[in-house]
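The following paragraphs lead through one protein model, beginning with its overall make-up and going on to its sheet, its core and its ligand. Please keep the structure in view while reading.

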Amino acid sequence: MAGISTHVIIVGNEKGGSGKTTAAMHLIVALSRAGFKTGAMDLDIRQKSLSRYLENRAKWAIKHDLELESLPIPQLFPAPFSNDDSRQRAFTLETAGFQEALQKYATCDFLVIDCPGANTHLSRLAHAHADTIVTPMNDSFVDFDLLAKVDPDTGEILGPSLYSEMVWEARQTRAKAGVMGGIQWIVMRNRIGAANAHNKKRVGEKLENLSKRIGFTLTRGFGERVVYRELFTMGLTLLDLGAPGIPTRLSSMSHLTAKQEIRNFIAALNLPAKAETADKRVA
Ligand SMILES: Nc1ncnc2c1ncn2[C@@H]1O[C@H](COP(=O)(O)OP(=O)(O)OP(=O)(O)O)[C@@H](O)[C@H]1O
Ligand SMILES: [Mg+2]
């Protein structure tokens, strides 16, 4: 939809704290390490977590004297946010600014856009330009509520809810614009663990049912691991650990399992191998 051949991946969910920035950063690093030219855009204007994650990464690289080959850092341009007093003018400026911003990533194979946990104009725009949408969610009925309305008495799914309606609109916008190919939507179950196993099983069953009705693919996400918080402050991802020049002190067996989880998640996205790098597989 971008009018560029870059494959646009949106990481979004209106629910705050579901793992969007963590997933976006791991995707960026996985794609960069696989040899793809990867761009990043941070649409979370308030928290700017992805920008801060990347700043931490740049600081780590400088402090440890690492080259880009050892610690790839994606291209990041400022989000085209407008704080014009007129809402309408702000929307118009952001729409034009977003198109311009996309052009800056025209030479990238992939662009990963981290969205805020809220329904903003920029987030809606980005969703309508997605080739792939990745939605991390916690295995809870609170998160499920943003995907579907459920009858509180019977537990029956009544229809789509806030966030799935946004994805539906994005699909409509894309179809009306005559862009070939639909939006692939992946819902990723994050923070998988043994806690509340019964509840999670029920959420899982409901998600399976919902995936067919509103058109998403359900995938396993990342396990519950405290290391993610520590990695943010260092600007690193699990995929960096043990790479040349990166300390291995964090590379334990459990992190090897975690790395595999991330690789499985990325393989499940079924991303295209780009023409220029057709020999590479995205996994
Ligand atoms: N699988 C996981 N295991 C443990 N902690 C996690 C996991 N995924 C994310 N976290 C932690 O949960 C917190 C929220 O994650 P993150 O910032 O990625 O969510 P978000 O959806 O981007 O939040 P926001 O909506 O505020 O932007 C962070 O501290 C992160 O380190
Ligand atoms: Mg975030």
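In this predicted model, the secondary structure of the protein amounts to 9 helices and 9 strands. The radius of gyration is 19 Å, close to the 19 Å that the globule rule gives for 283 residues, so the protein is as compact as a globular protein of that length. Measured out along the principal axes, the C-alpha trace spans about 55 × 50 × 40 Å. Of the 283 residues, 39% count as buried, and among the contacts with a separation of 6 or more, 74% are made by residues 24 or more positions apart.

How are the strands arranged? An open sheet of 7 strands, with parallel pairing, follows the order β3-β2-β4-β1-β5-β8-β9. Its edge strands are β3 (75-76) and β9 (217-220), each of which pairs on one side only. Within this order, β5 (residues 132-138) and β8 (residues 184-190) are joined in the parallel sense over 7 bridges, and N138 has N190 in β8 as its bridge partner. As a general point about such elements, the side chains in a regular strand alternate between the two faces of the sheet.

A hairpin is formed by the strands β6 and β7. Strand β6 (residues 148-150) and strand β7 (residues 157-160) run antiparallel and are joined by 3 bridges, with K149 standing opposite G159 in β7. Between the two strands of this hairpin there are 6 residues, and G155 takes a positive phi near 80°.

The next topic is the nonpolar interior. The largest nonpolar core has 64 residues, of which I9, I10, V11, L27, L111, V112 and I113 touch the most other members. The largest share of this core, 8 residues, comes from helix α1. When residues up to four places away in sequence are not counted, L27 touches I9, V112 and I266.

Helix α1 also leads to the ligand, since α1 (20-33) and α8 (227-234) each supply at least two residues of the shell around ligand 1. Which residues of that shell are the closest to ligand 1? The shell has 19 residues, and the closest are G16, K20, T21, T22 and G117. By type, the residues around ligand 1 divide into 3 nonpolar, 10 polar and 6 charged. Helix α1 thus appears in two parts of this account, as the source of the largest share of the core and as one of the elements that supply the ligand shell.

Technical notes. Residues are numbered from 1 along each chain as its sequence is written. Chains are lettered from A and ligands numbered from 1 in the order in which they are written. This is a predicted model: local features need pLDDT of at least 70, side-chain atom pairs count only at pLDDT 80 or more; totals for chains, interfaces and linings use all residues. Helices (H or I, at least four residues) and strands (E, at least two) are DSSP runs, numbered from the N terminus. The radius of gyration is taken over C-alpha atoms; the globule rule is 2.2 Å times the number of residues to the power 0.38. A residue is buried if 20 or more other C-beta atoms lie within 10 Å of its own, exposed if 12 or fewer, and partly exposed in between; C-beta atoms are placed from the backbone. Two residues are in contact if their C-beta atoms, placed from the backbone, lie within 7 Å. A residue is near a molecule or strand if its C-beta atom, placed from the backbone, lies within 6 Å of it. Ala, Val, Leu, Ile, Met, Phe, Trp, Tyr, Cys and Pro count as nonpolar, Asp, Glu, Lys and Arg as charged, and the others, Gly among them, as polar. A nonpolar core is a set of buried Ala, Val, Leu, Ile, Met, Phe, Trp, Tyr and Cys residues joined through C-beta atoms within 7 Å. Two strands pair if DSSP finds at least two bridges between them.
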